[in-house]
Amino acid sequence: MSEALLILTNLPGLAEAETIARHLVERKLAACVNILPAVQSVYRWEGVVEQASEVTLLIKTSSSRYAELEAAIKALHPYALPEIIAIPIAAGLLAYLNWITAETQKDVNV
């Protein structure tokens, strides 16, 4: 059984977040994506401390789809260096974790 993962990424706006979320779910790279608007990020980029309003995606997927999911985010993401962090889901409602696995199964006919 594939391990469930929670992937985090931030985007500059809601339109980009919705585009990526829909792309990932439609292609079964993610079972579910939560879009959290209005996150304030403070970070250092190219030696300068920056602050930006961003939109966070909480992406639920299986470890077997991670490589494809990462590639899809990188291809669609507007940042030169997108944040893509995978966190293993150590525990959770078994039925929900099984749903993540089922929803991210690669189609045999693809």
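**Exercise 1. Helix H3 and its neighbours**

Which strands do the buried residues of H3 pack against?

*Solution.* This is a predicted model.
- Step 1: find the helix and its buried residues. H3 spans residues 94-103, and Leu97, Ile100 and Thr101 are buried there.
- Step 2: see how they sit around the axis. They cover an arc of only 95 degrees, which puts them on the same side of H3.
- Step 3: look at what they face. The buried residues of H3 pack against strand S1 (4-11) and strand S3 (48-62).

**Exercise 2. The nonpolar core**

Identify the residues that touch the most other members of the largest nonpolar core, and say which elements supply it.

*Solution.*
- Step 1: pick out the best-connected members. The core has 17 residues, and Ile7, Leu24, Leu57, Ile59, Leu69 and Ile73 touch the most other members.
- Step 2: trace the sources. At least two residues come from each of S1, H1, S3 and H2. H1 gives the most, with 4 residues.
- Step 3: follow one member, Ile73. Beyond its neighbours within four places in sequence, Ile73 is in contact with Ile7, Thr9, Ile20, Leu24, Ile59 and Ile84.
- Step 4: set this against a general trend. In soluble globular proteins, nonpolar side chains tend to be buried together.

**Exercise 3. A residue in strand S1**

Decide whether Leu5 is buried or exposed, then list its contacts.

*Solution.*
- Step 1: place the residue. Leu5 belongs to strand S1.
- Step 2: apply the cut-off. Buried means under 20% relative accessible area. Leu5 has 8%, so Leu5 is buried.
- Step 3: collect the contacts. Residues up to four places away in sequence are not counted. Leu5 then touches Ile59, Lys60, Thr61, Ser62, Ser63, Tyr66, Ala86, Ile87, Pro88 and Ile89.
- Step 4: check one partner along the chain. Leu5 and Ile89 are 84 residues apart along the chain, yet their C-alpha atoms are separated by 5.4 Å.

**Exercise 4. Salt bridges**

How many salt bridges does the count come to, and which residues do they join into one network?

*Solution.*
- Step 1: recall the principle. Side chains of opposite charge can pair when their charged atoms come close.
- Step 2: take the total. The count comes to 4 salt bridges.
- Step 3: start from Glu26. Glu26 pairs with Arg22 in a salt bridge, with the closest N and O atoms 3.5 Å apart. Both residues lie in helix H1 (residues 14-26), 4 residues apart, about one turn of the helix. Glu26 and Arg22 are exposed.
- Step 4: add Arg27. Arg27 forms a salt bridge with Glu26, and here the closest N and O atoms are 3.7 Å apart. Arg27 is partly exposed, at 44% relative accessible area.
- Step 5: turn to another pair. Glu68 and Lys106 meet in a salt bridge through their side chains (3.5 Å, N to O). Glu68 lies in helix H2 (residues 66-76) and Lys106 in the segment after H3, so this pair ties together parts that are 38 residues apart in sequence.
- Step 6: name the network. Salt bridges that share partners join Arg22, Glu26 and Arg27.

**Exercise 5. Positive phi angles**

Place Lys28 and Glu46 in the chain, and classify how accessible each one is.

*Solution.*
- Step 1: note the general rule. Most residues other than glycine have a negative phi.
- Step 2: examine Lys28. Lys28 is not a glycine, but has a positive phi of about 60 degrees. Lys28 sits in the loop between H1 and S2. At 23% relative accessibility, Lys28 counts as partly exposed.
- Step 3: examine Glu46. Glu46 is not a glycine either, and has a positive phi of about 50 degrees. Glu46 sits in the loop between S2 and S3. Glu46 is exposed, with a relative accessible area of 69%.
- Step 4: find a distant partner of Lys28. Gln105, in the segment after H3, is in contact with Lys28 and Arg65, leaving aside neighbours within four places in sequence. Gln105 and Lys28 are 77 residues apart in sequence and 6.9 Å apart in space, C-alpha to C-alpha.

**Exercise 6. A surface patch**

Which residues make the nonpolar surface patch of about 310 Å²?

*Solution.*
- Step 1: name the members. Tyr43, Trp45 and Leu81 make the patch.
- Step 2: place one of them. Tyr43 is in strand S2 (residues 32-45).
- Step 3: test its exposure. Tyr43 has a relative accessible area of 33%, so Tyr43 is partly exposed.

Key:
Residues numbered from 1 in each chain as written. Predicted model: local features only at pLDDT ≥ 70, side-chain atom pairs only at ≥ 80, totals over all residues. Heavy atoms only, no water. Patch = residues over 30% accessible without salt bridge, like charges linked within 9 Å, V, L, I, M, F, W, Y side chains within 5 Å. Areas by Shrake-Rupley, 256 points an atom, 1.4 Å probe, with all protein chains shown as cover. Buried < 20%, exposed > 50% of the residue type's maximum accessible area, 1.4 Å probe, protein only. Arc of directions from axis to C-beta. Contact = heavy atoms within 4.5 Å. Core = buried A, V, L, I, M, F, W, Y, C linked by side-chain atoms within 4.5 Å.
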